[in-house]
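User: I'm new to this one. Can you show me the structure and walk me through the basics?

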Amino acid sequence: PTAIACRDITRRVHGMRLLERFSLSVPVGARVLLVSRPEESASVLLRILAGLSPGHGERVELAGVIDPKRAGWSRRVAHVGPGPGLYGWMSPREALQLSAGLHELAADEAETQIAAAIERYRLGQVLDEPMVRGGEPLMERVALASAMLSDPEVVLLDEPLRAIEPEERRRLLRLPGQRRTVVLASRYPASEEGLCNQVVFIRGGRLALSAPIARLAELGLPLSMRGIEALAERDAVSAAVAPAVT
């Protein structure tokens, strides 16, 4: 089954071609590393998939839902951007309670999910303090915790948790759920080692590569932009030669 399907997405920003009739299909349960040149293409794609950027005739389907205005969309799809997007004067408890309300969780479900989030994201000691005291690392934790309260089927992450030290960041980004689909946009592919099993590369607005991330190691290529670009070039050459061979 398909978790994410989009077709013919086109976006230009200030004359820069970020997406050009871009199409992509992602199966349920995939953990996708999304990289792009220019870098803005990945962020724009995630915003479109999340329903945060208006469409222009393209078709987008996430978790079996086409219209982001439909009831239940926010419970099935989560988006976390590069900034936490939270008010620093709020406490983690207040932010989590607000998120539970926005997701329309029932009182008992909200209580259960908030308790689990407090433990997983290690918020107990700062639960009722203004988040500004913990700075950006704390606010990033709470932003991800809030997004995950509804147990979403599709999670779209745009350069998340960069203020958190690497090992703890990787722990938090190992999101449980065998059928949960995660797309992680990153400018630093090496920092996402062990978190993803697929790689998608957008170049010049078009899909340049969609492949198992294990192919990089099989070919002796590093998990880096240079390695991903080399794999895309190799696949492009193979595709061009195949018709002549057959």
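Analyst: Here is a quick tour, from the whole chain down to one helix.
Analyst: This is a predicted model, where local features need pLDDT of at least 70, side-chain atom pairs count only at pLDDT 80 or more, and totals for chains, interfaces and linings use all residues. Residues are numbered from 1 along each chain as its sequence is written, and side-chain values use heavy atoms, with hydrogens and water left out.

User: What's the secondary structure of the protein?
Analyst: Eight helices and nine strands. Both are DSSP runs, numbered from the N terminus: helices are H or I, at least four residues, and strands are E, at least two.

User: Why call it as compact as a globular protein of that length?
Analyst: The radius of gyration is 19 Å, close to the 18 Å from the globule rule for 246 residues, so the protein is as compact as a globular protein of that length. The radius is taken over C-alpha atoms, and the rule is 2.2 Å times the number of residues to the power 0.38.

User: And how many of the 246 residues count as buried?
Analyst: 45% of them. Buried means under 20% relative accessible area, with a 1.4 Å probe and protein chains only.

User: Switching to α1. Is this helix mostly covered or mostly uncovered?
Analyst: Mostly covered. Helix α1 spans residues 40–49, and seven of its 10 residues are buried.

User: Which ones are buried in α1?
Analyst: Ser-41, Ala-42, Val-44, Leu-45, Leu-46, Ile-48 and Leu-49.

User: What follows α1?
Analyst: Gly-51 does, with a positive phi near 80°.

Notes:
Buried means under 20% relative accessible area, exposed over 50%, partly exposed in between (1.4 Å probe, protein chains only).
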